[in-house]
Every structure is written in structure tokens, then in C-alpha cells.
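Dear colleague,

I am passing on the structure we spoke about, together with notes on what turned up when I went through it. Please have it open beside this message as you read.

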Amino acid sequence: MNTILELKDISKTFTKKNTLHKALDDVSFTMKEGECLGIVGESGSGKSTVAKIITCLERPDNGSIYFKGKDITGLTRKERKKLYKNMQLIFQMPVDSFNPRIKLGSSIIEGMLNQGISKSDAKLRMYGFLDLVGIPREYALKYPHEVSGGECQRAAIARAIMTSPDLLICDEVTSALDVTVQKQIIELLDKLKKEQSMSYLFISHDIALVQQFCDRVLVMYQGQIVEEGTVDQVIMNPKEEYTKKLIDAVLL
Ligand SMILES: Nc1ncnc2c1ncn2[C@@H]1O[C@H](COP(=O)(O)OP(=O)(O)OP(=O)(O)O)[C@@H](O)[C@H]1O
């Protein structure tokens, strides 16, 4: 299997209340094509910063990011737009990921229009994807605040996969939803995993979800990767004290 993503020695420091805070400290890992890689860790361990660095929403202080063999570390805004055809990010708060003044359908097809696909073709393709994610076609005419959180997250997933990306980054995509809806969204992602050939980076503080969904897992603590391996190795047989504590906290 080819490597789709590689992070090499990534560090990132933020200034918080006039003091420097190291959010990522020499983070390195690789992902294979078709793999589903989980990142777990407590709040503030650096998981979302990894997602933002990969999608070039934040620039690292040090280190390099390679996507499909190409160095994408310092992309310009224009180059980033091109990258987003192949790499998509779904966030925790579905409503916030849409422009409140734009109807869901228009937001969903925007990426395709940017790629030069005609409006009529983009609309047709969108209906197919709305069917796939399980929301009625007429929801395309609704505004984000007119649908439930779960429906909005389904729309966000439709928008993300419309351009057939190679990599889908899911950052706490179920955290803001109630338990029943969480289950439905995971079932949807599971279905997509079987039907669409994509690699998944699945960021979550929920170890049980990662165990269910991922092949391999990285454990982050204070901006560093402290343990990595297959889900069975790390979750069933953790070596690091921190991972054991994280797992115990879920089982309590
Ligand atoms: N833009 C920013 N400015 C200042 N500090 C930031 C910024 N973004 C992240 N941080 C800090 O960097 C650290 C890592 O944050 P990050 O959001 O990556 O953690 P996380 O593991 O995703 O946490 P959570 O699970 O709560 O989302 C935290 O201490 C956070 O406060």
C-alpha cells in the first residue's frame, strides 16, 4: 500500500495569555492509502491542531507534511483550494461549518462549481449524495438552522465526499450529537468506508468509537504521540501508563 500522508517532525507553538504554549512537539506519523487511522487523547493534547496543520489551516513552526508524496507544508491560499479536492475535513459543530445565509444545497455544490463542473451536473450529483447520506433531496433548499444537528452533519458529510477526496479527516464529528444520532452517523461513515475508497483520519476522544471504526491508532498527550499501533495492540494491550489511564477512564 502507498503512503497517502506523512507528517515529519511537526511542531507548533501558540501564544496563550502572553505565554508560549507548545501544542505539537515533534509529531511524526504516516498513513497508508485506504487506512483508517484514529487519533485519541484528552482535551488539549493537540488532536485538532494536527488536523489543521494537515489541511494547511495552520502552519507548523517546524517540520514537513507530504500528501501523496508532495510537500504541502507551505501552500498558498490558491494551492490550498486545489488540495481540498483531494482532502476534506468534517468538524465537530455541523451548523458552524456551513454559512448560515446560504442554503445547504448551494453550500454542498460549491466545491464542484469551483472545479468547473456545470451547475446542472453538480445538482444531479448532489441529489445522489443526499440519497447516499440519507437526507431528503428537498433539504437542499433549507438553511443550516432549519435542520437538526444530525441532518446538518449528514449534509456536511455529503459536501465533504462530493469531490471524491482521497483523505477524509473527521474531527470529533459525533461529539456534539446525542447518542442515538451519534450511532447513526457512525453507521453512515461505516457504510461509506465500505462503499467509497477513501483513507480516514478519525480524531476522537471516544476510545470506544475509535476501536469500532479504525485500523490503527495514535495516542496523543501534551502535543506528542506517546503510543501507536493497531487498535488491538493499543486498546487491548496498552503499553504506556497514559494510554492505560485513558482507557480506564472510558471503562469506569
Ligand atoms: N489558535 C490557538 N491559539 C492559542 N492556543 C491554541 C490555538 N489552537 C489550539 N491552541 C492550544 O493548543 C493546545 C492543543 O489544542 P487542540 O485543539 O489541538 O487540542 P485537542 O486535543 O484537539 O483538544 P479538544 O479535544 O478539546 O478539541 C491546547 O492547549 C489549545 O488551547
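Which residues does the UniProt annotation "domain: ABC transporter" cover? According to that record, an unreviewed entry, the annotation covers residues 5-247; UniProt positions are given here in the numbering used throughout, feature names are shortened, and annotations may be inferred rather than shown by experiment. Within residues 5-247, 37% is helix and 27% is strand, and the end C-alpha atoms of the span lie 27 Å apart.

Two points of bookkeeping come before the rest. This is a predicted model, in which local features need pLDDT of at least 70 and side-chain atom pairs count only at pLDDT 80 or more, while totals for chains, interfaces and linings use all residues. Residues are numbered from 1 along each chain as its sequence is written.

Helices (H or I, at least four residues) and strands (E, at least two) are DSSP runs, numbered from the N terminus, and two strands pair if DSSP finds at least two bridges between them.

The sheets

One open sheet has four strands in the order S2-S1-S4-S5, with antiparallel pairing. S2 and strand S5 (70-71) are its edges and have a single partner strand each, so one side of each is left without a neighbour in the sheet. Strand S4 (residues 62-67) is joined to S5 by two bridges in the antiparallel sense, and Phe67 has Lys70 of S5 as its bridge partner.

Another open sheet, of six strands, follows the order S6-S7-S8-S3-S9-S10 with mixed pairing. Its edge strands, S6 and strand S10 (224-230), each pair on one side only, and the twist from one strand to the next averages 15° (axes are lines fitted to C-alpha atoms, for helices over the stretch in contact, and angles run from 0 to 180 degrees between N-to-C directions). Strand S3 (residues 36-40) pairs with S8 in the parallel sense over four bridges, and there Gly38 stands opposite Phe202 of S8.

Strand S7 and its neighbours

Is strand S7 (residues 167-171) largely enclosed or largely open? A residue is called buried if 20 or more other C-beta atoms lie within 10 Å of its own, exposed if 12 or fewer, and partly exposed in between, with C-beta atoms placed from the backbone. Five of the five residues of S7 are buried, so the strand is largely enclosed by the rest of the structure. Leu167, Ile169 and Asp171 point one way from S7, whereas Leu168 and Cys170 point the other way.

S7 runs parallel to strand S6 (residues 87-90), to which four bridges join it, with Gln88 partnered by Leu168. It also runs parallel to strand S8 (residues 199-203), here over five bridges, and Asp171 has Ile203 as its bridge partner in S8. S7, helix H6 (residues 179-195) and S8 make a right-handed β-α-β unit, right-handed meaning that, with the strands pointing away from the viewer, the path from the first strand over the helix to the second runs clockwise.

The ligand shell and helix H1

Which residues come nearest to the ligand? Of the 13 residues around it, these are Phe14, Ala23, Ser43, Ser48 and Thr49; a residue is taken as near if its C-beta atom, placed from the backbone, lies within 6 Å of the molecule. Strand S1 (3-16), strand S2 (19-32) and helix H1 (47-54) each supply at least two residues of the shell, and H1 gives the largest share, three residues. The shell comprises two nonpolar, nine polar and two charged residues, where Ala, Val, Leu, Ile, Met, Phe, Trp, Tyr, Cys and Pro count as nonpolar, Asp, Glu, Lys and Arg as charged, and the others, Gly among them, as polar.

H1 is mostly covered, with seven of its eight residues buried, among them Ser48 and Thr49.

Two loop residues

Cys56, in the loop between H1 and S4, has a positive phi near 65° although it is a residue other than glycine, and it counts as buried, with 21 C-beta neighbours inside 10 Å. Lys17, in the loop between S1 and S2, likewise is not a glycine and has a positive phi of about 50°; with 5 C-beta neighbours inside 10 Å, Lys17 counts as exposed.

With best wishes
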